[in-house]
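Me: Could you take a close look at one helix for me and then walk me through what sits elsewhere in the model? I'm new to this, so plain words please.

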Amino acid sequence: MRVPPASCTPGDSRMFTIEVSHASGGIVRRSLKQMLVTYSSLSATLQLIRNSGARVLRITPHQQANNSPSTPSAAVTETPSPKAKDHGQVPVNLYKPKDPFLGTVLDNYSLLADGAIGRVNHITFDLSGGNLHYVEGQSIGIIPDGEDANGKPHKLRLYSIASTRHGDNLEGSTVSLCVRQLEYKNEAGEQIYGVCSSFLCDIEPGAKVKITGPVGKEMLLPPDEDANVIMLATGTGIAPMRAYLRRMFEPGEQGKNPEYKFKGKAWLFMGVPKTPNLLYEDDFSRYLSDYPENFRYTKAISREQENPSGGRMYIQDRVTEHADEIFALIEDPKTHVYMCGLRGMEPGIDEAMTAAAAKSGQDWSTLRPALKKADRWHVETY
Ligand SMILES: Cc1cc2nc3c(=O)[nH]c(=O)nc-3n(C[C@H](O)[C@H](O)[C@H](O)COP(=O)(O)OP(=O)(O)OC[C@H]3O[C@@H](n4cnc5c(N)ncnc54)[C@H](O)[C@@H]3O)c2cc1C
């Protein structure tokens, strides 16, 4: 593949080496090209590379191109997040598939506005009478009614919890989910709907549902009130972020959490196809006006907004756009990054972070494991 040379603005001397892989006759080849890419043209060049079907493996500042990869900043390697692993008693597997809790549906409504694509519902279950409790960032399992094609009971599916530990009604006895109905066309062109997501989106209040869990420690919020939290969500990946933001900014929640008064910066990047697909928008708008110093909200609406190259605006384009600020925050050992949504979002985010890191003179392939080790890089994709 030929990588088109990027333009160079006179006066901006920064250069980056972009390492690109491309498939040729089924074989993935690595090619190394050195290009003059200015700060302002880096993202456009990356878009061109992406459009050509190639994959960006690494971007290194020119000064380091001929040396070993840059090392991450001291802030990342040497200073772990304060109390990073101090998550207290996190409940896990209180209910197992052989003996699930029977929750009662309290509410089930669409989160989408007119003109949205697909179907996404907010569903709340009553947990009273049992011992199912959880903390923000965990998931629960749902076992749909009925049997699979082999006549066996359906297996459980996991869903990220969208409510705080206090539940939407703050009484501590409910759990809420944000569920997208899976739909796709199979090879024969037939419309297929997912078993459990359809079961949940169709379920009526009053119905009993088999619930397992909770599970998961990957997406837990740090207990520090002055942590910074960068959230990268696509679609229903907003579920854990909604829980975090309620914990931080919802007035009723604050009354329930005297030991937690969020004082850091929370920055939500949200990717959806169309404006009517934005989820929990009214709540987030309220948090923005109530906490302008603490909450920032950046949207990527792929079918309505254009990226600098004229293509669709995806969440990774927003990450590239705000690279400097993101990496200034990441330098701070109190900053955590959370990513949640469809697995397909990972390569794009990785590419954007590679470019963003390079702009601040760092190598993402070294930095990411360091952040992970410091318990500051949290990913849950499905
Ligand atoms: C930790 C975790 C958290 C999750 N959180 C959420 C959440 O908050 N909200 C949410 O909505 N989902 C979430 N999920 C996904 C959820 O668990 C289910 O996978 C999803 O709802 C689909 O289940 P289903 O029973 O409806 O689909 P199924 O009937 O099980 O069908 C899924 C199968 O369909 C096939 N398939 C899917 N898409 C296509 C396609 N385009 N072309 C061909 N075949 C295809 C694949 O074989 C796939 O395995 C999460 C998953 C995990 C692991």
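Reply: In this predicted model, the buried residues of helix α5 are Ile238, Ala239, Pro240, Met241, Arg242, Ala243, Tyr244, Leu245, Arg246, Arg247, Met248 and Phe249. That makes 12 of its 12 residues buried, so α5 counts as mostly covered. To be called buried, a residue needs 20 or more other C-beta atoms within 10 Å of its own. You can also check the length of α5, which runs over residues 238-249: at 1.5 Å a residue, its 12 residues should span 16 Å, and its end C-alpha atoms are indeed 16 Å apart.

Now for a sheet. Strand β12 covers residues 228-234 and pairs with β13, residues 266-272, in the parallel sense over 6 bridges. Take Thr234: its bridge partner in β13 is Gly271. Both strands belong to an open sheet of 5 strands, ordered β14-β13-β12-β15-β16, with parallel pairing. β14 (295-301) and β16 (377-381) stand at the edges with a single partner strand each, so one side of each has no neighbour in the sheet. On average, neighbouring strands here are turned by 10° against each other, ignoring direction.

Last, the ligand. It has 18 residues around it, and the closest are Tyr184, Gly194, Cys196, Ser197 and Tyr382. This shell splits into 10 nonpolar, 5 polar and 3 charged residues. β7 (157-160), β8 (174-180) and α4 (195-202) each supply at least two of them, with β7 giving the largest share, 4 residues. Domain 2 (101-215) and domain 3 (219-381) each contribute at least three residues to the shell.

Methods. Residues are numbered from 1 along each chain as its sequence is written. This is a predicted model: local features need pLDDT of at least 70, side-chain atom pairs count only at pLDDT 80 or more; totals for chains, interfaces and linings use all residues. Two strands pair if DSSP finds at least two bridges between them. Helices (H or I, at least four residues) and strands (E, at least two) are DSSP runs, numbered from the N terminus. Axes are lines fitted to C-alpha atoms, for helices over the stretch in contact, and angles run from 0 to 180 degrees between N-to-C directions. The expected span of a helix is 1.5 Å times one less than its number of residues. A residue is near a molecule or strand if its C-beta atom, placed from the backbone, lies within 6 Å of it. Ala, Val, Leu, Ile, Met, Phe, Trp, Tyr, Cys and Pro count as nonpolar, Asp, Glu, Lys and Arg as charged, and the others, Gly among them, as polar. Domain bounds come from an automatic or database domain assignment.
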